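Here is a set of short exercises to work through with the model open beside you. Try each task before reading its solution.

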Amino acid sequence: MSSIIERFKVHTATIAVIGLGYVGLPLACTVARKGFSVLGFDIDAMKIDQLNAGNSYISHISADEISELRKTGRLSATGDFSRIAEADAIILCVPTPLTRQREPDLAFVVQTTEAIAPHLRRGQLIVLESTTYPGTSRDILRPILERRGLRSGHDFYLAYSPEREDPGNAQFSTAAIPKVVGGDGADALRLACALYDEVVTHTVPVSSLEAAEAVKLTENIFRSVNIALVNELKTVFEAMGIDVWEVIEAAKTKPFGYMPFYPGPGLGGHCIPIDPFYLTWKAREFGVVTRFIELAGEINTAMPQRVVDRTIEALNEVAGRASKGARVLIMGVAYKKNVEDTRESPAFRIMELLEKRGAAVSFHDPMVAEIPQSREHAEFAGRRSVPLTKDVVAGFDATIICTDHDAVDYRNLVEWSPLVIDTRNVCARQGLTREHVIKA
């Protein structure tokens, strides 16, 4: 084990990163920039070809960066899992979605672990970074990895370190975010810390795999619950004629005891809409009912319907027409501003609900030219962004701002659109208060 730690310290180790998406690719680039040799694995041939050609498919990672890492020989991509044997450390960054029944779907984790197991060699460190419930690393990964006779803590070392990526956040890059690390035993923890010590600002060791897995869920459940709170406050204050956005801006001037969270059209991204359900599902195994967490999930899940109800109401009051046959423009289908990531975007649920009410729905998004394939809303795959011109916008009965990208000219949007439903308060922030601009 000391020889691997030494290779980590002098950056001569080879690091495998499996899953080259919004978590894996930034991590792979960060590790490669630190001087390690990085071998990226993915089942998507397009991603492999793009990376090996020096291109990028994620907006906040430039092609110049990929090209430079390729030229230095520190980054390469492959779909050949037999090459796992070349790596000193193997980091899994694969998706962990939910089933349609809102239960954990660990298919990608299981399939990936089964793919690497035949190619393991003694002395390797295996780290899971995918969000999951406590017990996954020990109860799911370890038995698969041990099927061929190797033993965790003796022949290989198993650890868990939750990803903390925030796509598009220029202030906190992968290297600037501390890494929580839990290991299957003291040696695994020591190895994992030795690796991440060379990659990120600092590591935070915890007592077990399960504790590390619980950290990730805690971070995102914290956000889910607080966003649910302000979403509910928005409904209450609106009934009282009070602007929740004004209240939050004033409240956050308190220098202690308050942290601002903001309402919206629903939750998006991989983590916050999904993570709470991983814990509530696991809690049932122990006979624990997570009422508080589940209530937050219900409130947040209901927000797209509330936006649609407000839109139908405004169409009737302002435009004097019903939703059936109305033309509605969705402004932004990415789940957050200034990124192209559409995973779990509430915009798709809003589109679905509007179309069920007979509306004709289109979208514009400066970051998303075409809606990608997804499991939840396959019917929208391939639909393309419409131009944001005066004639196009004026042809819609209403525009719903779901994502407040900075690249959008909201002054023109307000001027051109007969009705604007603003779920992000961007119009008020830019001084564009008009009678036909409705907050939702």
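**Exercise 1. Find how strand 7 and strand 8 pair, then place strand 7 among its neighbours.**

Step 1. Strand 7 and strand 8 (residues 203-205) are joined by three bridges and run in the parallel sense. Strands here are DSSP E runs of at least two residues, helices are H or I runs of at least four, and both are numbered from the N terminus. Two strands count as paired if DSSP finds at least two bridges between them.

Step 2. For a checkpoint on that pairing, take V181, whose bridge partner in strand 8 is P205.

Step 3. Now look at strand 6 (residues 157-160): two bridges link strand 6 to strand 7, and the two run antiparallel. Here A159 stands opposite G183 in strand 7.

Step 4. Strand 7 (residues 179-183) is mostly covered, with five of its five residues buried. Buried means under 20% relative accessible area, exposed means over 50%, and partly exposed lies in between (1.4 Å probe, protein chains only). K179, V181 and G183 point one way from strand 7, V180 and G182 point the other way, and all are buried.

A word on the source: this is a predicted model, so local features need pLDDT of at least 70 and side-chain atom pairs count only at pLDDT 80 or more, while totals for chains, interfaces and linings use all residues. Residues are numbered from 1 along each chain as its sequence is written, and side-chain values use heavy atoms, leaving out hydrogens and water.

**Exercise 2. Check the span of helix 7 and describe its setting.**

Step 1. Helix 7 covers residues 186-197, which is twelve residues. The expected span is 1.5 Å times one less than the number of residues.

Step 2. That rule predicts 16 Å, and the end C-alpha atoms are 16 Å apart, so the two agree.

Step 3. Buried residues in helix 7 are A188, L191, A192, C193, A194, L195 and Y196.

Step 4. Together, strand 7, helix 7 and strand 8 form a right-handed β-α-β unit. Right-handed means that, with the strands pointing away from the viewer, the path from the first strand over the helix to the second runs clockwise.

**Exercise 3. Which residues touch the most other members of the largest nonpolar core?**

Step 1. A nonpolar core is a set of buried Ala, Val, Leu, Ile, Met, Phe, Trp, Tyr and Cys residues joined through side-chain atoms within 4.5 Å.

Step 2. The largest such core has 43 residues, and F8, I15, L125 and L195 touch the most other members. Helix 7 supplies the largest share of this core, seven residues.

Step 3. For I15, set aside neighbours within four places in sequence; the contacts are then F8, V31, F36, S37, V38, L39, A89, I91 and L195. Contact means heavy atoms within 4.5 Å.

Step 4. There is also a second, separate core of 37 residues, which includes A16, F81, V109 and F156.

**Exercise 4. Give the strand order of the eight-stranded sheet and follow its pairing around strand 2.**

Step 1. The eight strands make an open sheet with mixed pairing, in the order 3-2-1-4-5-6-7-8. Strand 3 and strand 8 are at the edges with a single partner strand each, so one side of each has no neighbour in the sheet. From one strand to the next, the twist averages 25°.

Step 2. Strand 1 (residues 14-18) pairs with strand 2 in the parallel sense over five bridges, and T14 has S37 as its bridge partner in strand 2. Strand 2 also runs parallel to strand 3 (residues 75-78), joined by four bridges, with V38 opposite L75.

Step 3. On to strand 4 (residues 89-92): four bridges join strand 1 to strand 4 in parallel, and I18 is partnered with L92.

Step 4. Strand 2 (residues 37-41) has four of its five residues buried, so it is largely enclosed by the rest of the structure.

**Exercise 5. Is T30 buried or exposed?**

Step 1. T30 is located in helix 2. Strand 1, helix 2 (residues 24-33) and strand 2 make a right-handed β-α-β unit.

Step 2. T30 has 3% relative accessibility, so it counts as buried.

Step 3. Beyond neighbours within four places in sequence, T30 is in contact with T174, A175 and V199.

Terms used
Axes fitted to C-alpha atoms, helices over the stretch in contact; angles between N-to-C directions.
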